[in-house]
Amino acid sequence: MTPRTVTMRVWRGDASGGDLKDYQVAAEEGEVVLDVLHRLQATQANDLAVRWNCKAGKCGSCSAEVNGVPRLTCMTRMNLLPPDEPITITPLRTFPVIRDLVTDVSFNYEKAKQAPAFKPRPREPDGTHRMRQQDIDRVQEFHKCIECFLCQDVCHFIRDHDDNKAAFAGPRMFVRYAELEMHPLDTNDRRQLLQDREGLGMCNITKCCTEVCPEGIHITDNAIIPLKERVVDARYDPVLWIGRKLRRRKS
Ligand code: SF4
Ligand code: SF4
Ligand code: FES
């Protein structure tokens, strides 16, 4: 089949500013958006900055917004996009632009550093750590995260509000916290931190993050809501409540 010509409307610029620029590029049968971006880079815009690595939906590097929707460009098939309209490719809006489609996602790594590490209970007398498969099942869903940060990009709480970032870890980090908190061997308690410093209470469960997750992780239903329930348990557990009262009286 002969290639068709598509209009790729790509954001070009850097931290100081930029604009959308139109390119006419050939697109062949069966290609994904990243294929066409690579052809554009090879033939017309050698200096186009595009981050990618695996081209298999597994490294999470090629995240961008395609027609305004956060997507992995390597997993977005050209034939799913309207055929006679320009295809707009812009960088992730939640993070500062470095150049063209490449953003600085270090916010996520800084937040990751704040999560208290996995702290397993002591080993059994025979030196093993035992757990039942049914206890680890739900944590395995969270291990699928590829750190594409599409969920962070779509979350309205930080997408257009840079000033909220200090007090809100975002859905990717809530998945990470759920992975640690629900691990059957872990003994750390991160509930207070989640409420006081990571902004769990600010999430209003709109599920936008779940809708864009390429790994199909049920971010809100399986991570955020159970974490919220755990925080409520910790805050309103009557025994803990009396303990807190007594401590306050003493001091
Ligand atoms: S459900 Fe919560 S974390 Fe997910 S996008 Fe909405 S506000 Fe953000
Ligand atoms: S939870 Fe899903 S959308 Fe968010 S970073 Fe992980 S894989 Fe990407
Ligand atoms: S290039 Fe690795 S997920 Fe797209």
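Let's start at ligand 1: around it sit Cys 155, His 156, Pro 171, Cys 203, Asn 204, Ile 205, Thr 206, Lys 207, Cys 209, Thr 220 and Ile 224. Keep in mind that everything here is read from a predicted model. Sorted by type, that shell around ligand 1 has six nonpolar residues, four polar ones and one charged one.

Now move over to ligand 2. Its surroundings are made up of Cys 145, Ile 146, Glu 147, Cys 148, Phe 149, Cys 151, Arg 172, Cys 213, Pro 214 and Ile 219. What does the mix of residue types look like in the shell around ligand 2? Here eight residues count as nonpolar and two as charged, with no polar ones.

Next, zoom out to the whole protein. The domain assignment splits it into domain 1, covering 4-103, and domain 2, covering 106-239. Going by C-alpha atoms, the centres of domain 1 and domain 2 are 30 Å apart.

So how do the two parts meet? On the contact count, 14 residues of domain 1 touch 18 residues of domain 2. Together the two domains bury about 1,200 Å², and 51% of that lies on carbon and sulfur atoms. Over on the domain 1 side, Pro 70, Thr 94 and Phe 95 give up the most area to domain 2, adding up to 45% of what that side buries.

There's some polar chemistry at this interface too. Eight residue pairs are in polar contact across the interface of domain 1 and domain 2. On the domain 1 side, β3 (63-66) and β4 (69-72) are the elements that supply two or more residues to the touching surface. That side of domain 1 breaks down into six nonpolar, four polar and four charged residues.

Finally, salt bridges. How many are there between domain 1 and domain 2? The count is three, while the overall tally comes to 22 salt bridges. Here are two examples from the model:

| Salt bridge | N to O distance |
|---|---|
| Arg 159 and Glu 65 | 2.8 Å |
| Arg 12 and Asp 47 | 3.1 Å |

Take a look at where Arg 12 and Asp 47 sit. This pair ties together distant parts of the chain, 35 residues apart. Arg 12 belongs to strand β1 (residues 4-14), and Asp 47 lies in the loop between α1 (33-43) and β3.

Technical notes
Residues numbered from 1 in each chain as written. Chains lettered and ligands numbered in written order. Predicted model: local features only at pLDDT ≥ 70, side-chain atom pairs only at ≥ 80, totals over all residues. Heavy atoms only, no water. Domains from an automatic or database assignment. Contact = heavy atoms within 4.5 Å. Buried area = accessible area lost by both parts, 1.4 Å probe. Salt bridge = Lys/Arg side-chain N within 4 Å of Asp/Glu carboxyl O. Polar contact = N/O pair within 3.5 Å; in protein donor to acceptor, adjacent residues only side chain to side chain. Helix = DSSP H or I, 4+ residues; strand = E, 2+ residues; numbered from the N terminus. Nonpolar A, V, L, I, M, F, W, Y, C, P; charged D, E, K, R; others polar. Near = heavy atom within 4 Å.
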